[in-house]
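Q: Could you take a close look at one part of this protein with me? I would like a residue-by-residue reading that I can follow on screen.
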Amino acid sequence: MTNLFNTDTINQLATGTFYGDIFAVLGMHEENETKSIVIRTVQPQAKNVYIVRKDNRETFEAERVHPNGVFVCHTPFNTFFDYFLRIEMPNGSTYETEDAYRFLPVLGEMDLYLYNEGNHKNIYEKLGSHLISHQDVKGVVFAVWAPNAKRVSVVGNFNDWDGRRHVMRPRGSSGIWELFIPHLPEWSIYKYELIGANGELMPLKIDPFGNAFEMRPKTGTLVFNEKRYQWQDSKWMAQGRYKANALSEPISIYEVHAGSWRRKADEKNRWLTYRELAEQLPAYVKENGFTHVEFLPLSEYPFDGSWGYQVTGMYAPTSRYGTPDDFKYLIDSLHQAGIGVIMDWVPAHFPKDAFGLSYFDGTALYEHQDPRKGEHKDWGTKIYNYGRNEVSNFLLANALYWIREYHIDALRVDAVASMLYLDYSRKEGEWVPNEHGGRENLEAIAFLRRLNEWIYAENAGATTFAEESTAWPMVSKPTYVGGLGFGYKWNMGWMHDTLDYMHHDPVYRKYHHNELTFSFLYAFSENFTLPLSHDEVVHGKGPMYDKMPGDDWQKMANLRLYYAYMFMHPGKKLLFMGNEFAVKREWNYADSLDWGLLKKEQHEKLLHLVRTLNRFYRTHSELNQDESNPSCFEWINGNDSENSTFTFMRKNKAGDSLIIACNFTPVIREKYKIGVNEPGEYVEILNTDSEEFAGSGIGNQNLLMTADGWNFKPYAITVTLPPLAVVVFQKQRNHEEGE
C-alpha cells in the first residue's frame, strides 16, 4: 500500500480528487515494507486526530500530513485491531466516532447482479439510505447507482457538506457506490456529491431511492426508519383489497388533491396534514358511498403548481403534509373505513431540476442522451430510458414499494399514451423511429407489460389503471394474449364525447345524439373506468357546473342527469373532488373547495344524489356485475334523437334487468313507451328529478303494467319522462318468481 499512498494521493485526498477505491488508502492497512499497521483518515474539520484501541483504550496521535486534514497514524502493531477515532476540534472540544473506512461492504454480490440485470424486486431495501446495525455498530448504509461518476461522496449536516470526508466505495463494475457511516441518527440530512464523467463537480444530488425529504423549497434527503409503523389494516389487506379491486365489484372513485380538498382558512389557508386528512376524509368518502380514494401524485415533488406530476422523489411521500408514517396513518385510516386507496404514479417523465435525476452522474443516466427520445418539450421534462435495466428496475421496484410498504391498493399510471408513442406530441423530424421503422416505443411497451406482470405476480390483490387516451388495443388485457396487462383503462373518449354533448343547449342535442351513444360501440373492448377528473376542471375549462347550459336550475338538473347517466353506463366511476356538489369555481391547487356551497339546497341535494347513486350502484348487481361483458347491456332504443332520449337495460348474470330511460331535454315526455322483455308490473326506483334531489318532482308514482310490444320488444310500459332526468324502472317480482 506504500506505493499507492504517496504525495499525489495525499493531495488528491485533500482536494477531493481521489478517484480510485477509497478503501484502498483510508482506514487500517499493513505497510508493505515494515508490515506495521497504519491508519489513515481525512478530517478537514479537526485540529488533531487520535486513534484509540477498543480493547485497552491505548491512544496514538495521528500525524497531519496535509494542511487540509489528511491524517496518518503509524502504530507499533503488526496485526489488525479494533479502534475508534477521537477528534479534537479547533475550539478544544472533542468527540469520539467510529471510522467509516474500517467496515466491510453491506451489499451482497447478488444484489449488485440482480440490479444490473434489472430483476431486483427489493432493490429499494438495498439502495438509498437505511438505518442498520453493521459489525455490531449502529449507523446508516448509503448506496447509489452512478456508473460514470469518478467520485461519489455522502454529504450532509453531519459532515459540514464536505465531500472529502465520506467518499463512497465503488462496488466493482456494477456502477453502485456504497458507504456505511456509523452512529448517524435518523432525520440526518444528506445529498450526494459527485464528480461527473468528465471530471466536473456536479450539483449536489438527492438520493433517487430516498424515502423522506425536507419540506420544499429545501431539497435534502432525510434518513428515515421506514420499518417503524405498526399497521392496523390486516383485515383489509387479507380480504378487502381483493374484493375492492375485482372486476366484478363496484368501483366508485373519489379523486383528491390532498393540498386543496380542505384548508385551514383561520391558519393562513394552510393545507391539512396527512393526519388531519385521516380525521376527515375517510368519514366523508364512506358517508357519500365511494369505494376508493385516488390521490393525485404524492411522491415528493418540488413545485406546487405541478400538482405532483413532476416527481423528484419516487420513493418518498411528499413532506408537505407530514412524515412517511403520517401518510401510512392516512392510508391505514382509509382501509379501516373500508376505503381502497389509489395513487397517481408517474413513470412517464421526470423534471430537469439540477438536484434530481437529470444528468445524474454527468451523463444521460436515467434519461436518453438524444432529446428526440429523452425530452417532453410540452412539459419541459425528461423521459426515462426504459431500455436500461437499472432504470426500468428503479421504476418497477418503485411500483412494488408503494404496494408493499404503503399498502397502496392500486396505481393509476399517468400519461401512458406519451410512453407508447415515439412521436407523441412531436412533429416530423423530432422523433426517432423504432428498429422496425415504426412509431411504437418498444422499450416502453415492454416496461409496461413487465410492470403489470410484477404487480399481479405479487398475488396481493393490487391492480393498475392506465390513463391512456388513444385507441391502443388491449390496454387492459393480459400480457399473455398480447395486451399491456393493466386492470383498467380510463375511457377518455367517453369523457370527451359526453362532455361535448352536455355542453350543447338541449334544443340542439338532437343533432349530436351520436356523441352520447357512440361509447356503447366500444364499451366492452376494455375494462373501462369513466373519469370526470381534475383535468376537466383546470386550465380555463371551468368547473363542471359551468359546462352545463341554462340557468342555475337547469345547470343543476343537467348535472344530476349527467352523473346518473354515468352511473348507469357500464364502467367503473370516477369523480374529482368538488364535482359531487357542483363547485362553481375552476379548481385551484392553492385553495380549498368551496364547502360553503353545501349550505345551499341545490348543492346539498346534488351531493345527496351522488350519495344515492353510489349506494344504488353498489346494491344493484345489474350495474356492477360483468361491466366489461356485453351481456350486461341491452339497447331498448338508442335512436330517438328527435326527442334526445334513449333507453337501455342493464342486466346481471341471473338475467335480472333495470330499465333506464334518459331525457336530455327540459321537455316532459308524457305517455312515452318503452319496450321490455318481460310482462308484469314495473315500478320507478330512481328518479333524478325527484324533489328529494331538488328536482321538479315529476315522475311515476303508480305501478306500470305492461302492454303490447314496442321497440322490437315483446312488451312495453308507458311512462312519464321528467325533464333533464334519468329514471330507472324495475319489474316487481313476487315470491314465486324470486327476489
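In which loop is D160 found?

A: Happy to help. This is a predicted model, in which local features need pLDDT of at least 70, side-chain atom pairs count only at pLDDT 80 or more, and totals for chains, interfaces and linings use all residues. Residues are numbered from 1 along each chain as its sequence is written, and side-chain values use heavy atoms, with hydrogens and water left out.

D160 is found in the loop between β11 (151–156) and β12 (169–170); helices (H or I, at least four residues) and strands (E, at least two) are DSSP runs, numbered from the N terminus. The phi angle of D160 is near 60 degrees, a positive value in a residue other than glycine. D160 is exposed, with a relative accessible area of 57%. Here exposed means over 50% relative accessible area, buried under 20%, and partly exposed in between, using a 1.4 Å probe and protein chains only.

N711 also has a positive phi, near 55 degrees, and is a residue other than glycine. N711 lies in the loop between β37 (707–710) and β38 (713–721). N711 is buried, at 17% relative accessible area.

Another loop, between β14 (189–195) and β15 (221–222), holds P217. The peptide bond leading from R216 into P217 is cis, with omega near 10 degrees.

Next, look at E580, in the loop between β30 (572–576) and α14 (601–619). E580 is buried yet has no salt bridge, and the nearest side chain of opposite charge, R262, is 8.0 Å away. A salt bridge here is a side-chain nitrogen of Lys or Arg within 4 Å of a carboxyl oxygen of Asp or Glu; for charge, Lys and Arg count as positive and Asp and Glu as negative, while His and the chain ends are not counted. A polar atom of the E580 side chain does lie 2.7 Å from the backbone nitrogen of G578. Leaving aside residues up to four places away in sequence, E580 touches Y254, Y284, W595, L606, L607 and V610, where contact means heavy atoms within 4.5 Å.

Finally, helix α3 (residues 234–244) has W236, M237, G240, R241 and A244 buried. They share the same side of α3 because they cover an arc of only 120 degrees around the axis, taken from the directions from the helix axis to the C-beta atoms. On the other side of α3, K235, A238, Q239 and K243 are exposed. The buried residues of α3 pack against β19 (292–295), α5 (324–336), β22 (340–345) and α7 (389–405).

Methods. A polar contact is a pair of N or O atoms within 3.5 Å; within protein, one must be able to donate a hydrogen and the other to accept it, and residues adjacent in sequence count only if both atoms are side-chain atoms.
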